[in-house]
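Me: Could you take a close look at one part of this model for me and walk me through what surrounds it? I would like to start at a loop and follow the chain from there.

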Amino acid sequence: MQALHKVGNIISKVTIFVGWISFVLVTIMMLLNTIDVILTKFFNTPVVGSYELTQRLLMCAVFTSFAYAQTKKKHINMTLVIKVFPRPVRFGVFTLLSIASCVAAGALAWAAVVQGNVALAANYTTEVLYIPLYPFYYVEALSMAVFTIALLYDTVLSAIAIVNEDAAAEVQKDWD
């Protein structure tokens, strides 16, 4: 169990780093949009391409926030019904649902890689500034891969909770 906690600490540090990327991107979007509004309102000169930059930065900010939210247990888990079941059933069901989440997040990571490869091969760009789109898809893929790893860690912990009372208490401490 102690080795698993060491892995969890490493995953937590990585997700915090990725979460900081999200924070920085949101800050850049705020500043960009504020400057755009001020320049448009007072000088009638908008920032060219600010809308498409905001779109791409928002996409990256959202995906980079997922893993951090998972580590901080801020995603919604529907535990209202399963928390009244006996421990093995409760964590068995929770583990199965966590496995489904891992599969979905992994599939999204893979799909983002495929889409990035398509965008790279076809030389897709934004419409105004002609920024290549593939880096944004690769950021999405990397973010979803980190999210998948965070989900996988929590899935392993919930599987251990089926038979281990300490793990069960740790997993369930964030349930309301």
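**From a loop into the helices**

Reply: Happy to. Asn44 counts as exposed, because its relative accessibility is 66% and the cut-off for exposed is over 50%. Please keep in mind that this is a predicted model. Asn44 sits in the loop that joins helix 1 (2-43) to helix 2. Its backbone deserves a look too: although Asn44 is not a glycine, its phi is positive, at about 55°. As a rule, most residues other than glycine have a negative phi.

A second residue invites the same kind of look. Tyr130 is not a glycine either, and its phi is also positive, about 55°. Tyr130 belongs to the loop between helix 3 (87-122) and helix 4. With a relative accessibility of 59%, Tyr130 is therefore classed as exposed.

Now let us step from the Asn44 loop into helix 2, which spans residues 50-71. Here we meet Phe63 and Phe66, which are three residues apart, about one turn of the helix. A pair of aromatic rings is described by the distance of the centres and the angle of the planes. The count of aromatic pairs in this model is six. One of them joins Phe63 to Phe66, with ring centres 5.5 Å apart and 75° between the planes, an edge-to-face arrangement. The two rings fall into separate exposure classes: Phe63 has a relative accessible area of 18% and is therefore buried, while Phe66 has 24% and is therefore partly exposed. The dividing value here is 20%.

Phe66 also reaches out to another ring. Phe66 pairs with Phe147 at 5.6 Å between centres and 50° between planes, which is a tilted arrangement. This pair bridges distant parts of the chain, since Phe66 is in helix 2 and Phe147 is in helix 4, 81 residues apart. Phe147 has a relative accessibility of 11%, so Phe147 counts as buried. Taken together, ring pairs join Phe63, Phe66 and Phe147 into a cluster.

Following helix 4 (residues 134-160) onward brings us to helix 5 (residues 165-172). The axes of these two helices come within 7 Å and cross at roughly 135°, so helix 4 and helix 5 are oblique to each other. The crossing of helix 4 past helix 5 is left-handed. On the helix 4 side, Tyr153, Leu157, Ser158 and Ile160 make the contact, and helix 5 contributes Ala167, Glu170 and Val171. Sorted by class, this contact has five nonpolar residues, one polar and one charged.

One last spot to find in your viewer is Leu96, placed in helix 3. Leu96 has a relative accessible area of 59% and is therefore exposed. Leu96 and Thr155 are 59 residues apart in sequence, yet their C-alpha atoms are 8.3 Å apart in space.

If you want a short tour to repeat on screen, begin at Asn44 in the loop between helix 1 and helix 2, move on to the cluster of Phe63, Phe66 and Phe147, and finish where helix 4 makes a left-handed crossing with helix 5.

Definitions and conventions. Residues are numbered from 1 along each chain as its sequence is written. This is a predicted model: local features need pLDDT of at least 70, side-chain atom pairs count only at pLDDT 80 or more; totals for chains, interfaces and linings use all residues. Side-chain values use heavy atoms; hydrogens and water are left out. Axes are lines fitted to C-alpha atoms, for helices over the stretch in contact, and angles run from 0 to 180 degrees between N-to-C directions. Helices (H or I, at least four residues) and strands (E, at least two) are DSSP runs, numbered from the N terminus. Angles under 35 degrees count as roughly parallel, over 145 as roughly antiparallel, 65 to 115 as roughly perpendicular and the rest as oblique. A crossing is left-handed if the near helix is turned anticlockwise from the far one by less than a right angle, and right-handed if clockwise. Contact means heavy atoms within 4.5 Å. Ala, Val, Leu, Ile, Met, Phe, Trp, Tyr, Cys and Pro count as nonpolar, Asp, Glu, Lys and Arg as charged, and the others, Gly among them, as polar. Rings of Phe, Tyr and Trp (its six-membered ring) pair if their centres lie within 6.5 Å; planes under 30 degrees apart count as stacked, over 60 as edge-to-face and the rest as tilted. Buried means under 20% relative accessible area, exposed over 50%, partly exposed in between (1.4 Å probe, protein chains only).
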